[in-house]
Amino acid sequence: MKNSLRKLRPVVTLLLALVLPVLEVVAQPATQPEMADALRQSGKIYVVVAVIAVVLAGLLFFLVSLDRKLTRLEKEVKE
Amino acid sequence: MKKNWWKALSVVLLLYVAVAGLLLPVPRLAILNETIRNLYFHVPMWFGMTFVLLASVYYSVRYLRTPTPELDIRAHESARTGILMGFVGLATGSIWAKYTWGAWWTNDPKLNGAAIAMLIYGAYLVLRSSFTDEQQRARISAIYNIFAFATAMPLFYILPRLTDSLHPGAGGNPAFAKYDLDSNMRLVFYPAVIGWTLLAFWLAQLASRVSLLKLRLYEKQLA
């Protein structure tokens with residue numbers, strides 16, 4: 001009985017050596033750094049992106065119209 | 001219209017950065033987590049600041065060679081835009097630091113260097129406002145501006161690398177190497193740098209044109 005256990009020992013060690021790294025890979029999601037995955041999965045991130053894009057577009061549009069107004073003024077002053 | 005292609009480019013790049021900066025994949029890193037996306041907004045502020053301040057020095061040098069009010073205005077407004085970008089950079093960096101390093105401000109060489117450099121530029125504005133004579137103001141602030149740039153750049157980019165620093169790109173590390181290895185981030189980071197830099201130049205140009213208009217109107221009234 002004791003002898004057979006001793007014979008099994010290398011087999012168990014080998015098995016552990018093979019299985020343990022796999023276990024670590026399986027457990028990876030839990031140890032990976034946390035990201036905003038839920039926000040992405042629910043698609044709500046697109047709402048945020050849309051809002052930021054609209055705000056930025058508004059500001060840039062304001063800059064463009066300011067630029068045009070200045071061009072007109074510059075022409076007026078030149079005359 | 002042909003001269004304004006770079007403004008259109010700036011608009012397109014910034015809108016792209018806002019969308020892609022939030023949506024494209026980024027590396028999963030501990031502590032940084034999603035805040036790594038700040039790279040697309042915080043760092044371009046400093047790029048924009050550096051280039052627009054360089055333009056300011058260029059105008060200052062030109063002013064000293066051929067003193068015209070126009071060159072003085074362009075140097076001044078470029079410097080003001082650069083200072084604005086720098087303060088936005090400090091503020092965004094401070095917020096980022098709070099949630100990754102745990103403090104609004106640390107006595108890090110990179111942070112203190114940037115703060116001192118901003119104070120040097122703050123003194124430029126104070127110096128300018130302390131003259132009543134326009135030519136004296138233009139000449140002395142042009143000279144100060146050149147020295148301010150020459151002092152600020154080592155404080156931003158050289159001295160922090162000679163010591164240890166928490167800040168990426170300082171403490172001997174090559175700048176951004178950690179993130180730049182990720183090609184997904186490059187896809188957004190480079191357009192962000194170009195877009196924000198062009199925006200800085202656009203703002204400086206608009207401000208200069210307003211001041212120039214004021215000058216022309218004033219000259220007309222005198223004539």
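Here's a quick briefing on a two-chain model, with chains A and B.

This is a predicted model, so to speak a set of computed coordinates: local features need pLDDT of at least 70, side-chain atom pairs count only at pLDDT 80 or more, and totals for chains, interfaces and linings use all residues. Residues are numbered from 1 along each chain as its sequence is written, while chains are lettered from A and ligands numbered from 1 in the order in which they are written.

**Chain A**
- Chain A has 4 helices and 0 strands, in the order α-α-α-α along the sequence; helices (H or I, at least four residues) and strands (E, at least two) are DSSP runs, numbered from the N terminus.
- Of the 79 residues in chain A, 0% are buried (20 or more other C-beta atoms within 10 Å of a residue's own, with 12 or fewer making it exposed, anything in between partly exposed, and C-beta atoms placed from the backbone).
- Mean pLDDT (the predictor's confidence in each residue, from 0 to 100) is 83 for chain A, with 80% of its residues at 70 or more.
- Helix 4 (residues 45-78) of chain A has the highest confidence in that chain, at 93, and helix 2 (residues 28-31) of chain A the lowest, at a mean of 59.
- Where pLDDT is low, the predicted coordinates shouldn't be read in detail.

**Where the chains meet**
- Chain A puts 20 residues into the contact, and chain B puts in 20 residues (residues are in contact if their C-beta atoms, placed from the backbone, lie within 7 Å).
- On chain A's side, that's 16 nonpolar, 1 polar and 3 charged (Ala, Val, Leu, Ile, Met, Phe, Trp, Tyr, Cys and Pro count as nonpolar, Asp, Glu, Lys and Arg as charged, and the others, Gly among them, as polar).

**The core in chain B**
- The largest nonpolar core (buried Ala, Val, Leu, Ile, Met, Phe, Trp, Tyr and Cys residues joined through C-beta atoms within 7 Å) has 48 residues, and those with the most contacts inside it include Val17(B), Tyr121(B) and Phe189(B).
- Helix 2 of chain B gives this core its largest share, 12 residues.
- Setting aside neighbours within four places in sequence, Phe189(B) touches Leu39(B) and Tyr40(B).

**Met153(B)**
- Met153(B) sits in helix 5 of chain B and counts as partly exposed because it has 16 C-beta neighbours inside 10 Å.
- Its C-alpha atom is 9.1 Å from that of Ala114(B), 39 residues away along the chain.

Conventions. Two residues are in contact if their C-beta atoms, placed from the backbone, lie within 7 Å.
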